[in-house]
Amino acid sequence: MEMEVDSQSELNNLIEDVVTASKVPAKRRGGPIRPTVDKLASATYEHGLLPDPLKDLIVLLTQTSHLDQASLGSIVRNLYPASSVSSDVVLQVVGCLGIGELKPSLPIQAALLRWLVMIYHDPGGTGKDPALVGLLRIYKDYYPEIIVGDAVRGRASAFKHPDVDWRLRLDEIQAAHSEKTRENAASAPQSGFQVRHKYFGRPKASVIPSVRTAHATEQSVTLEEINNAATFVQHIETIMLPSQLVAVLADPLLQKFLLLRPDEEAYTRIHNWISAVLQDIRTGDADSSTINEVLGVLREYVAVTKKLPPLILNFFVDFFKVWNGHDGRDSVLGILPYTPVLEFEKLYENIFHPLETCVLDNSAESQLSLLKFYTELLRHWYASLLTSDEVLEYAPRTITSVVDHAHQLALTITQTSPTLAAEFAVIEFLEQYIPILNDERLRKYVPIRNPPDTLVYTLFFSQSLTVVSRLCTVLSNYKQGFQMAMAAKKSKTPTPGAQPITSSTYPLDYINRFNGFLMDICNCVWRMRAFTDTDPNALGCLVPRSRVRLFENYVESLPGSDAPLALYFGLSHSPVLSFQSILALRQLEDEALEKNPRALATRHPGPVTQASLVRLREDGGLVLSWQDYRLAVLQRLEEEGFLGIPDLMRNTMKILKAGSRAR
């Protein structure tokens, strides 16, 4: 980058020297200008000219000058624009043509006119080759989606290019400049209102063509001319379709255009191309780089359109038979979440089961990638249901079947990969029910599925307060969903589509099992009765009684321990809650000291128990009841963003339901 800046700076200095010399007669100059002109010509041949330096030289060439004709001719011959030439420059050249004292010499005019022809001429004529014309006619007859233009209308005469070598050098300069520009823009925010030129983020031997419009007219506008949203909106009705519509797979602007101005013929041409490429992949005629690229652009395409066409979905049925599970895995797992809500049996047999067979390799990474896939799938299904007119009859069963299946995968992950990353991935999946439960229409049709018991308790005993809090948020929302279902009455008039959820949807033992989760968590956190199984619906966290006795004996054997086992899982002693609990107490003590510096004779050493608060008051410390202390801890958790535990406690504990939120 530093070398580019230096070369551009040197080029600007050379142009400035030549322009200055052009205004001074040769006899009055301090030295010959020809060496400077030669350096300028060499620099422009090497690097090309950006728009502003090009404009400066065009102004120099089209006005009267004291430079000799040889120097002017050398400059014209090396006018290599690094990017597109503006209309102002073209008008400047055209305006200088003619006879007059203020006009450049006729040889310079001819050279400039020749320059205009070369920068705009695009080779591609068919010449007089009858075999080529005949071949193009075949393509025109059998593949009408391929644009061949007017080449098949007889034998077009060949056009002799003024200087083929000059044009080749110009193409090299502009290609290098475009690539550097795209590399610099890759890390910058994209407006989305410019075409994505070829090779941007893809290999040079790309099978996906870039946007290019052939045979544009004066009345039409091409996508290549669009560079901002205002221009796009202004000309949307007159924009011509590009020659290769399959560029829509990788070009955001073309995607926007077809969404706003749909065209059935265009979509047919796109599908024909996709079908041909996918067939090559099916038959093994495509190499790994082609597979990766095609899958990559398909991922971009479905991410923008938010739809997975049947053509692409059906392709995966055959693709999974030959896929190694590694090439393009991220793209595959990014495409399939857009799978439409279909009957579960068909999806599992043709898509989900083959996908898992290819991806799973006994590693935690492969399991996590699949769970994230199911998370994204559920998220997109929720969005799809929001926009649909009705919930199809099979949709709730499909969703619950996928959830049950993913629950087992999540349970396996927590057992084989007991890491925080795995726990966060599992929590994200469980949270996907919450938007459905919060939607007034969808929660009437999609039933709640209890996570496996072991999965719930594994997450509850996590080492992360964030995981515990988010789990409690999930359970709190599930509880509200169950309550709404139990209060719903069965409709007397059958309705088309999915049937609404009623109290009969959930068996009593299913509800009681869920209530057991809530009871156990409340016993641990609030009641200081961890692992109790004698309360109604309590499951004792599924810990066998024999194990509980072993744990109790171990705690009693610890030196200086006088607290029962259950206390170590409560607000004050829990490994994930103890820090926030003591900070809540310190905050209360600090507030008391701010009001009266002599209010406290001592501070609580922590951790807090009901008995220690009594001793604290007797020793001249903070006067605080056990209930107010626990409420203060809940408030502290809320202030720190850990909302799940306070919400679950208030939604479950009768004593807290009446007391609203903590002060």
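Start at the largest cavity: helices H2 and H4 each supply at least two residues of its lining. (Helices are DSSP runs of H or I, at least four residues, and strands are E runs of at least two, numbered from the N terminus.) The model is predicted, so local features need pLDDT of at least 70 and side-chain atom pairs pLDDT 80 or more, while totals for chains, interfaces and linings use all residues. Residues are numbered from 1 along each chain as its sequence is written, and side-chain values use heavy atoms, without hydrogens or water.

**Stop 1: the cavity**

Select Val 37, Leu 40, Ala 41, Thr 44, Leu 49, Leu 57, Ser 74, Ile 75, Asn 78 and Leu 79. Together they line the largest cavity. (On a 1 Å grid over the protein atoms alone, a cavity is a set of points where a 1.4 Å probe fits but cannot get out; a pocket is an open set with protein on both sides within 12 Å along at least five of seven lines; lining residues have an atom within 4 Å of a point.) The space inside is about 40 Å³, where volume is the space filled by probe spheres set on the points. The count of cavities of 30 Å³ or more is 1. H2 provides the largest share of the lining, 4 residues. Colour by type: 7 lining residues are nonpolar, 3 are polar and none is charged. (Nonpolar covers Ala, Val, Leu, Ile, Met, Phe, Trp, Tyr, Cys and Pro; charged covers Asp, Glu, Lys and Arg; the others, Gly among them, are polar.)

**Stop 2: H2 against H4**

Now show residues 34-47 for H2 and 69-77 for H4. Their axes lie 9 Å apart and make an angle of about 10°. (Axes are lines fitted to C-alpha atoms over the stretch in contact; angles run from 0 to 180 degrees between N-to-C directions.) H2 and H4 are therefore roughly parallel, a term for angles under 35 degrees. On the H2 side, pick Arg 34, Val 37, Leu 40 and Ala 41. On the H4 side, they meet Ala 70, Ser 71, Ser 74 and Ile 75. (Contact means heavy atoms within 4.5 Å.) The residues of this contact are 5 nonpolar, 2 polar and 1 charged.

**Stop 3: the second largest pocket**

Move to Thr 305, Lys 306, Lys 307, Leu 308 and Pro 309. Of the 23 lining residues of the second largest pocket, these lie nearest its centre. The pocket's volume is about 540 Å³. Add helices H10 (252-260), H11 (264-282), H12 (288-305) and H16 (364-387); each gives at least two lining residues. H16 gives the most, with 5. By type, the lining holds 14 nonpolar, 7 polar and 2 charged residues.

**Stop 4: H16 and the loop after it**

Is Ser 369 buried or exposed? Select Ser 369 in H16. Ser 369 is buried, at a relative accessible area of 15%. (Buried is under 20%, exposed over 50%, partly exposed in between, with a 1.4 Å probe and protein chains only.) Leaving out residues up to four places away in sequence, Ser 369 touches Arg 329, Leu 333 and Val 359.

Next, find Glu 390 in the loop between H16 and helix H17 (395-416). Glu 390 is partly exposed, at 40% relative accessible area. Put a distance label from its C-alpha to that of Ala 498. The separation is 8.2 Å, though the two residues are 108 apart along the chain.

**Last stop: the whole chain**

Zoom out. The protein chain has 28 helices and 0 strands. Of its 663 residues, 45% count as buried. Among contacts between residues at least 6 apart in sequence, 67% join residues at least 24 apart.

Terms used. Angles under 35 degrees count as roughly parallel, over 145 as roughly antiparallel, 65 to 115 as roughly perpendicular and the rest as oblique.
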